[in-house]
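Hi,

Here's the structure I said I'd pass on to you. Have a look at it first, and then read my notes below.

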Amino acid sequence: TGRTLYKTTDGGQSWISMQTFFALRAVYFVSADQGFAVGSNGRPTIWRSNDGGASWAPVFAGSGASTVYLMDIDFTPENPFVGYAVGGDQWTDENGLIVRTTDGGASWQEEQSGRPYLLRGVHFPAETTGYACGSAGTMLKTIREALPLPEPTIEIAEETVDFPGLRPGDSQSGTLRISPANAAGLRVTGIEFKEGDAADRGFELTSTSIELPADLAAGSELLAEVRFTASLEGSFSATLLITSNDEATPTREVALTATVEAETLPAIDIDTEPIAFDRIETGQSQEVILEVRAANEAGLSITSVQLDPQPGSGSPFAVTPDQTLPADLAGDDVLRLTISFSPTEADNYAAELVIVSNDALVPEQRITLNGEAFTTVAVAAGKSPAELRATLAPIPAAEHVDLRLHLPQAATIHSSIVNILGKTVARRRPDTLPPGEQRIAFDVVHLAPGVYFLRIEYRGENMMLPLAIRR
């Protein structure tokens, strides 16, 4: 059925199988590399090879029944870009078919044969004169006008090759695709950098898919690989010169550009403001969550997290990470540190949280921790801490109440209002007062009517004064 294509390179002494087709009827090579085969692949089909028959691709698939085949093919001797293929329905000997190319086989157009019979052969002894023969004694002749030969024209898919977003030490490759723009083919004679534009700027031509000079048939291409190696940050450029037998533009320029950004170094993202815990009573505990992230795409490695001074040395602070250290953070990863303040004695406390990482600029982050603790001492009704006298007026209060004190010596007074559940609902900043009669005003207009207590801390002791609010 004519399905297999064979090739000889020794004058017919031996043959090797090159390709198997659905149905093959004729083969014609216009050069050592470029050839055409005709037959059927369920429709009348023309295949083209640009590598001496090693591989084939369809360039024409006509219409009609599955029994319509192309039977023969020929190209004109003076102009190898003009060719003809003929065929028809080989089972009914009808439907004479002619297809023609004027661009070296890149495209084909159907023509009317003027006869209803299958055409089996075609030959053009000259570009202007051709013959076709077929069933039922059919013999056809055509006279055609000679067409001008196309001029070699270069086509480059990439006018600019860009290497963006690199870092020092990175290397990246780009590919140029060079091909003939028409059926005339193309001869590429050289690819080189404009003088002074190559190695000193990081660019190099690493390879070409075909050794130069390279003859390219229509439909084929030459691939050239260019590599850029980044050494310093900045913007870089070079020009690649491509020479060919394109008479209109024998030398084409391709711009090469590269952008090298500064290397991104690991950096920590953390709130370094001092952490101040609320003033709490001894025996109570308070926690704060501190989140640690990587500040950029370089990621971050947390080596250790510790306190200075260490827990167990009298410090009421402790820190617990939610991951095992060392911990590597990338993207949206978060390391959460739970910092607790659990005082056992009334005092003012301070410590530093020390976070060690691979942050390139600040490998050791220190965050100040502050906390204050007091101890509540039960005081009998009507009694005050030693030598302190305190009263409230007016009672009941409506919008404000005065705390009147008699201080035997200068002191810092901590005062707050708590509800009957012991929750603090109002607090003043510490008042440092001289000895003698003193007054501290409380605004209670924002508190709902009810029973409260005003708590006073004086020299480490506490007293509670009942406070009624009525409106």
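**A sheet to start with**

Four strands make up an open sheet, in the order β7-β8-β9-β10, and their pairing is antiparallel. At the edges you'll find β7 (68-75) and β10, and each has a single partner strand, so one side of each is left without a neighbour in the sheet. On average, neighbouring strands here are turned by 30° against each other, direction ignored. Before we go on, keep in mind that this is a predicted model.

If sheets are new to you: strands of a sheet pair through backbone hydrogen bonds, and the pairing can be parallel or antiparallel. For an example, try strand β9 (residues 94-101), which runs antiparallel to β10 and is joined to it by four bridges. One pair to click on is Arg100 and its bridge partner in β10, Gln109.

**The loop after β10**

Next, follow the chain out of β10 (109-112) and stop in the loop that leads to β11 (119-126), where Ser113 lies. Is Ser113 buried or exposed? Its relative accessibility is 13%, and buried means under 20%, so Ser113 counts as buried.

What does the side chain of Ser113 have around it? A polar atom of that side chain lies 2.9 Å from the backbone oxygen of Arg115. The backbone oxygen of Gly96 is 3.2 Å from a polar atom of the Ser113 side chain. If you leave aside neighbours within four places in sequence, Ser113 is in contact with Gly96, Ile98, Leu119 and Leu140.

**The sheet on the other side of the loop**

Now for β11. Three strands form another open sheet, in the order β11-β12-β13, and the pairing is antiparallel. The edge strands are β11 and β13 (138-143), each pairing on one side only. From one strand to the next, the twist averages 15°.

Within this sheet, β11 pairs with strand β12 (residues 129-134) in the antiparallel sense, over five bridges. To find the pairing on screen, look for Ala126, which stands opposite Thr129 in β12.

**Further along the chain**

There's a nice hairpin later on. β31 and β32 form it, with six residues between them. How many bridges join strand β31 to strand β32 (residues 364-374)? There are 10, and the two strands run antiparallel. One pair among them is Glu352 and its bridge partner in β32, Thr368.

β31 also pairs with strand β27: residues 300-308 of β27 and residues 347-357 of β31 come together in the antiparallel sense over six bridges. Here you can look for Val305, which stands opposite Ile355 in β31.

**Zooming out**

How many helices and strands are there in the protein? The count is zero helices and 40 strands.

As for the overall outline, the C-alpha trace spans about 140 × 55 × 40 Å along its principal axes. The radius of gyration is 47 Å, while a compact globule of 471 residues would have one near 23 Å.

Of the 471 residues, 41% are buried. The protein exposes about 24200 Å², and carbon and sulfur atoms supply 49% of that area. One more number, this time on contacts between residues at least 6 apart in sequence: 57% of them join residues at least 24 apart.

That's it from me. Have fun clicking around!

Cheers

Technical notes:
Residues are numbered from 1 along each chain as its sequence is written. This is a predicted model: local features need pLDDT of at least 70, side-chain atom pairs count only at pLDDT 80 or more; totals for chains, interfaces and linings use all residues. Side-chain values use heavy atoms; hydrogens and water are left out. Buried means under 20% relative accessible area, exposed over 50%, partly exposed in between (1.4 Å probe, protein chains only). A polar contact is a pair of N or O atoms within 3.5 Å; within protein, one must be able to donate a hydrogen and the other to accept it, and residues adjacent in sequence count only if both atoms are side-chain atoms. Contact means heavy atoms within 4.5 Å. Two strands pair if DSSP finds at least two bridges between them. Axes are lines fitted to C-alpha atoms, for helices over the stretch in contact, and angles run from 0 to 180 degrees between N-to-C directions. The radius of gyration is taken over C-alpha atoms; the globule rule is 2.2 Å times the number of residues to the power 0.38. Accessible areas come from the Shrake-Rupley method with a 1.4 Å probe; for residues, only the protein chains shown count as cover.
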